[in-house]
Amino acid sequence: MVLGRVFTLLGLTESTCLVCGGELDDPEQGYLCTACLKDIKPSHPMDYENLSFTERYRIFSRYEGVLSETLKLIKFRSVKPLAHRLGKVVSENLLEFIGETEPDLITYVPVHRWRFWKRGFDHNEEILKGAGVQPGQILYRRKHSKPLASYGREDRFRAVKDAFGVRDAYLEKIEGRRVLVFDDVLTSGATASLLN
Ligand SMILES: [Zn+2]
């Protein structure tokens with residue numbers, strides 16, 4: 001059908017899983033079939049580098065395969081339901097970590113408000129909500145910066161320092177508190193240093 005085809009080209013609707021090409025069991029569920037989503041599993045494939053500015057951190061899995069595809073769909077094609085589904089996938093692991101570390105506050109690395117308006121949601125916030133966690137909106141992005149991945153390691157740490165601020169409502173609340181910060185991708189750990 002022509003109309004359906006046009007919508008597919010525009011990316012407004014999908015009838016097959018964007019990763020494996022298989023039938024979608026439920027077209028509303030957001031671009032990936034259940035079998036592919038089940039492929040996203042926790043793993044600890046790397047040595048945990050010592051990030052001196054964090055007390056502890058945990059990586060869910062490597063940024064590859066279905067997991068990286070899922071994040072790209074959420075971020076670049078604004079597929080919000082998929083953020084909630086990804087939250088469900090990581091929830092057991094995340095809640096376990098929260099149980100072990102008992103943070104006073106939980107938050108996430110936010111997108112700039114321009115990107116928020118364009119996309120309509122903040123992916124990290126929605127992933128947390130999907131996991132059953134209600135985060136505080138502690139941080140904001142000062143400037144609409146280039147993606148951090150485009151900087152070299154040293155420049156990235158400098159860029160992060162300039163890029164984020166703590167919202168006024170939390171300035172006193174975070175003093176001396178242990179804050180868990182959720183982010184979708186850890187590259188250099190630069191963003192993880194931001195509360196230091
Ligand atoms: Zn699939």
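**Exercise 1. What percentage of the 196 residues in the protein chain is buried, and how are the elements of the chain ordered from the N terminus on?**

*Solution.* The model is a predicted one, and in it buried residues make up 23% of the 196 residues in the protein chain. The secondary structure of the chain comes to 7 helices and 4 strands, and, read from the N terminus on, these elements follow the order α-α-α-α-β-α-α-β-α-β-β. As a last step, take the contacts between residues at least 6 apart in sequence: of these, 68% join residues at least 24 apart.

**Exercise 2. Determine how helices α4 and α6 are placed with respect to each other, and which residues meet where they touch.**

*Solution.* Begin with the axes: those of α4 (residues 80–101) and α6 (residues 123–130) come within 6 Å and cross at roughly 50°. An angle under 35 degrees would count as roughly parallel, and one of 65 to 115 degrees as roughly perpendicular, so α4 is oblique to α6. The handedness of this crossing of α4 and α6 is right-handed.

Next, list the residues on each side. Helix α4 contributes Lys80, Ala83, His84, Arg85, Leu86, Gly87 and Lys88, which meet His123, Glu126, Ile127, Leu128, Lys129 and Gly130 of α6. Sorted by character, the residues of this contact between α4 and α6 comprise 4 nonpolar, 4 polar and 5 charged.

**Exercise 3. Identify the residues with the most contacts inside the largest nonpolar core, and state which element gives the largest share of that core.**

*Solution.* The largest nonpolar core has 26 residues, and within it Leu32, Ile74, Leu82 and Leu86 have the most contacts. At least two residues of this core are supplied by each of α3 (65–76), α4, α6 and β4 (179–182). The largest share, 6 residues, comes from α4. Leu86 thus links two exercises, since this residue of α4 is also among those that meet α6.

**Exercise 4. Why is α6 described as largely enclosed by the rest of the structure, and what covers its buried residues?**

*Solution.* The count comes first: 7 of the 8 residues of α6 are buried, and therefore the helix is largely enclosed by the rest of the structure. The buried residues of α6 are His123, Asn124, Glu125, Glu126, Ile127, Leu128 and Gly130. What covers them includes the helices α3 and α4 together with the strands β1 (105–108) and β4. Finally, follow the chain just beyond α6, where glycine 132 takes a positive phi of about 90°.

Definitions and conventions:
Residues are numbered from 1 along each chain as its sequence is written. This is a predicted model: local features need pLDDT of at least 70, side-chain atom pairs count only at pLDDT 80 or more; totals for chains, interfaces and linings use all residues. A residue is buried if 20 or more other C-beta atoms lie within 10 Å of its own, exposed if 12 or fewer, and partly exposed in between; C-beta atoms are placed from the backbone. Two residues are in contact if their C-beta atoms, placed from the backbone, lie within 7 Å. Axes are lines fitted to C-alpha atoms, for helices over the stretch in contact, and angles run from 0 to 180 degrees between N-to-C directions. Angles under 35 degrees count as roughly parallel, over 145 as roughly antiparallel, 65 to 115 as roughly perpendicular and the rest as oblique. A crossing is left-handed if the near helix is turned anticlockwise from the far one by less than a right angle, and right-handed if clockwise. Ala, Val, Leu, Ile, Met, Phe, Trp, Tyr, Cys and Pro count as nonpolar, Asp, Glu, Lys and Arg as charged, and the others, Gly among them, as polar. A nonpolar core is a set of buried Ala, Val, Leu, Ile, Met, Phe, Trp, Tyr and Cys residues joined through C-beta atoms within 7 Å.
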